[in-house]
Amino acid sequence: MLEIATREAYGKKLADLGEKYSNIVVLDADLSCSTKTEVFAKKFPHRFFNMGVSEQDMMGTAAGLASCGKMVFASTFAIFAAGRAWEPFRQSVAYPHFNVKVCASHAGLTVGEDGASHQMIEDIALMRVIPGMKVFVPSDGIETEKVLEAIVEEPGPCYVRLCRAKSPILFDSGYQFKIGKGNVIREGKTICIFTAGFMTHLVLAAAEKLTSLGINSTVVNLCSVKPLDGDLVVEMAKKHECLFSVEEHNIMAGFGSAIAELLCERYPAKLHRLGLNDEFGQSGSYQELLYHYHLSSDGIVDSIKKGLLL
Amino acid sequence: MSKPSIAQLEDIARDLRILILKMVHHAKCGHTGGPLSCIDMLTALYFYKLRHDSKNPLWADRDRFVLSAGHTAPALYACLIKAGYIPEEEMWRLRRLGSFLQGHPKRKLEWGIEMSTGSLGQGMSVANGMALAARIDQKQYRVYSLESDGGAQEGMMWEGAMSAAHYQLDNRVALLDYNGIQIDGFVKDVKEVAPLDKKFESFGWHVFNVDGHNMKEIVEALDEVEKIKGKPSVIIGRTIMGKGVGIFENKPKYHGIAPTDQEMDVAMGELGGKNA
């Protein structure tokens with residue numbers, strides 16, 4: 001099966017988009033070789049600026065460029081983009097609603113060996129609480145490309161969460177992504193698992209294993225975390241006996257919480273949030289980490305079995 | 001249109017001081033000291049140097065100005081009222097619900113407010129971004145910002161200072177209102193920022209040191225700055241917080257409070273305005 005990290009898909013697609021959209025300017029903070037903005041930088045050197053290890057400065061500069069009509073893509077690791085530079089982003093980009101796309105790589109637990117200091121497990125929470133923000137968590141290379149095609153036509157700030165590790169291609173090139181819309185990627189009956197990002201292929205593997213245990217599961221991909229597809233979430237809640245969400249993020253205020261907030265108001269239903277349970281990660285290969293924190297496909301199966309007994 | 005004389009600029013600055021005090025007094029809250037310390041530099045910028053047109057606020061080739069020291073918003077609003085961007089009656093709605101004259105500036109190009117600011121240190125980077133955009137688009141506009149000594153305690157300001165020098169942004173000019181006072185007291189007591197000129201020099205900037213209340217010195221620096229090539233410039237104006245009204249001058253207390261009715265009478269007497 002073809003595998004590609006979403007950050008690699010981002011780098012290639014961004015360089016493609018640079019041809020059609022001459023107002024795209026790209027900023028990076030000394031990580032262009034990792035975030036893959038280097039592809040754009042090589043192709044359009046006059047529209048790329050390396051801001052050095054100065055993430056806050058990068059956000060302010062992005063705001064200034066956007067104020068003069070540029071569509072700015074600003075990339076660094078998620079921990080620095082959504083963490084360290086959060087307040088400059090909030091004040092100088094989001095408040096004036098500038099056309100800045102923060103595409104942050106190395107999000108989540110799957111950063112791996114670099115450890116907890118680099119594993120951003122709070123970015124979905126931090127970014128979705130900013131008024132007017134849009135937050136996307138693509139599940140594979142194709143969805144990453146589709147998200148990029150959508151956001152270049154959507155003025156205003158947004159955050160795209162990208163991963164370091166390679167993951168299988170799940171969608172075909174005809175896949176249609178729409179902002180604010182989710183999609184059922186596996187039809188089932190008894191339970192529904194909501195997923196996004198790197199976890200999606202693991203959730204699909206878990207769903208297959210659950211079938212052999214007699215648990216028939218639907219899998220719903222919610223790449224558009226904000227705006228969230230509320231109608232689809234409610235429809236799934238009505239159709240299934242039990243709901244689960246899976247994220248490589250703290251379960252507090254993250255992906256599952258966004259779903260829970262919506263359900264509370266529109267269709268109260270039991271939702272089990274799988275993810276990091278209010279704890280930091282640690283060093284290890286991403287496979288080891290996923291296993292350790294019960295987020296491998298087997299871990300997801302175990303958690304769902306336990307959830308169904310509750 | 002001919003450039004105003006030094007005497008005319010000084011008259012404008014006095015009028016703007018009156019406008020600032022009336023605005024802040026009416027709002028019953030806001031900053032008094034900072035707007036009075038930076039207003040001479042802003043007067044020179046808006047009424048002598050800046051290429052702009054209040055009848056065409058979206059003019060793509062206009063010079064840009066970013067008020068990094070967002071708490072001195074009344075000074076910016078006063079300039080924009082005087083320059084014809086903001087309707088004068090709006091001054092009475094400063095800090096009121098539903099008003100566009102927010103406590104700290106909120107971007108509204110139609111009114112000449114180029115950028116939302118208020119969190120110190122960020123305007124430096126934002127102005128750099130505008131200057132980079134000019135480079136990409138091969139435009140001749142210049143980008144000015146007003147920094148503050150308190151703002152110089154923000155790490156982000158120096159990140160921006162480094163970037164402007166690295167990218168050799170000679171279309172980038174920072175004015176720095178060095179009044180020596182911040183909310184908790186004198187800057188030298190809270191956390192010393194001196195020597196600001198040497199710091200900027202070492203960061204690769206061309207530095208002008210001026211008396212920030214001497215209109216002639218400010219104007220000359222604004223002219224000279226255009227001759228500097230290959231690097232950004234900063235005009236550091238030594239100023240007195242609360243300048244123009246004796247009872248406010250150099251008193252940390254007046255950094256962030258509005259004048260009382262009684263203080264307003266004294267101030268208007270000194271500036272020759274009417275406490276309407």
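What follows is a conversation about a predicted model, in which labels given to residues, strands and cavities are traced back to their values.

Visitor: Why is S167(A) called buried?

Guide: The term buried applies under 20% relative accessible area, and S167(A), at 2% relative accessibility, therefore counts as buried. This serine lies in strand β8 of chain A, residues 167-168. Leaving aside its neighbours within four places in sequence, S167(A) is in contact with L2(A), E3(A), I4(A), A5(A), S139(A), F198(A) and H201(A).

Visitor: Why is H97(A) called partly exposed?

Guide: Partly exposed covers the values between under 20%, which is buried, and over 50%, which is exposed; H97(A) has 41% relative accessibility and so counts as partly exposed. This histidine is found in the loop between α6 (86-94) and β5 (100-104) of chain A, and its phi is positive, about 55°, although it is not a glycine.

Visitor: What makes a positive phi worth pointing out?

Guide: Most residues other than glycine have a negative phi. In chain B, Q168(B) also has a positive phi, of about 50°, without being a glycine. Q168(B) sits in the loop between α5 (155-166) and β3 (172-178) of chain B, and with a relative accessible area of 49% it is therefore partly exposed, since the exposed class begins over 50%.

Visitor: Which peptide bond of chain A is described as cis, and what is its omega?

Guide: The bond joining K226(A) and P227(A) is cis, and its omega is about 5°. P227(A) has its place in the loop between β12 (224-226) and α10 (230-239) of chain A. In chain B the peptide bond from A194(B) to P195(B) is cis as well, with omega near -5°, and P195(B) lies in the loop between α6 (187-190) and α7 (196-202) of that chain. As background, most peptide bonds are trans.

Visitor: How do you know that β1(B) and β2(B) are paired?

Guide: Pairing asks for at least two bridges between two strands, and 3 bridges join β1(B) to β2 (residues 143-148) of chain B, the two running parallel. One partnership is that of F65(B) with Y144(B) in β2(B). By that criterion β3(B) and β7(B) also pair, in the parallel sense over 6 bridges, with D177(B) and G237(B) as bridge partners. Another 6 bridges join β6(B) to β7(B), again parallel, and here F208(B) has I235(B) as its partner.

Visitor: What makes β1 and β6 of chain B the edge strands?

Guide: The 5 strands form an open sheet with parallel pairing, in the order β1-β2-β3-β7-β6 of chain B. Both β1 (64-66) and β6 (206-211) pair on one side only. From one strand to the next the twist averages 20°. Helix α8 (residues 215-224) of chain B lies across β2, β3, β6 and β7 (233-238), running at about 165° to β6(B).

Visitor: Why is β7(B) described as mostly covered?

Guide: In β7(B), 5 of the 6 residues are buried, each falling under 20% relative accessible area.

Visitor: How many cavities of 30 Å³ or more are found, and what lines the largest cavity?

Guide: A search of the whole structure finds 4 cavities of 30 Å³ or more, and about 100 Å³ of space lies in the largest. The largest cavity is lined by 13 residues, of which Y46(B), D63(B), Y85(B), G112(B) and E114(B) are the closest to its centre. Its lining divides into 7 nonpolar, 2 polar and 4 charged residues.

Methods: Residues are numbered from 1 along each chain as its sequence is written. Chains are lettered from A and ligands numbered from 1 in the order in which they are written. This is a predicted model: local features need pLDDT of at least 70, side-chain atom pairs count only at pLDDT 80 or more; totals for chains, interfaces and linings use all residues. Side-chain values use heavy atoms; hydrogens and water are left out. Helices (H or I, at least four residues) and strands (E, at least two) are DSSP runs, numbered from the N terminus. Buried means under 20% relative accessible area, exposed over 50%, partly exposed in between (1.4 Å probe, protein chains only). Axes are lines fitted to C-alpha atoms, for helices over the stretch in contact, and angles run from 0 to 180 degrees between N-to-C directions. Contact means heavy atoms within 4.5 Å. On a 1 Å grid over the protein atoms alone, a cavity is a set of points where a 1.4 Å probe fits but cannot get out, and a pocket is an open set with protein on both sides within 12 Å along at least five of seven lines; lining residues have an atom within 4 Å of a point. Grid points are joined across faces, edges and corners, and a volume is the space filled by probe spheres set on the points. Ala, Val, Leu, Ile, Met, Phe, Trp, Tyr, Cys and Pro count as nonpolar, Asp, Glu, Lys and Arg as charged, and the others, Gly among them, as polar.
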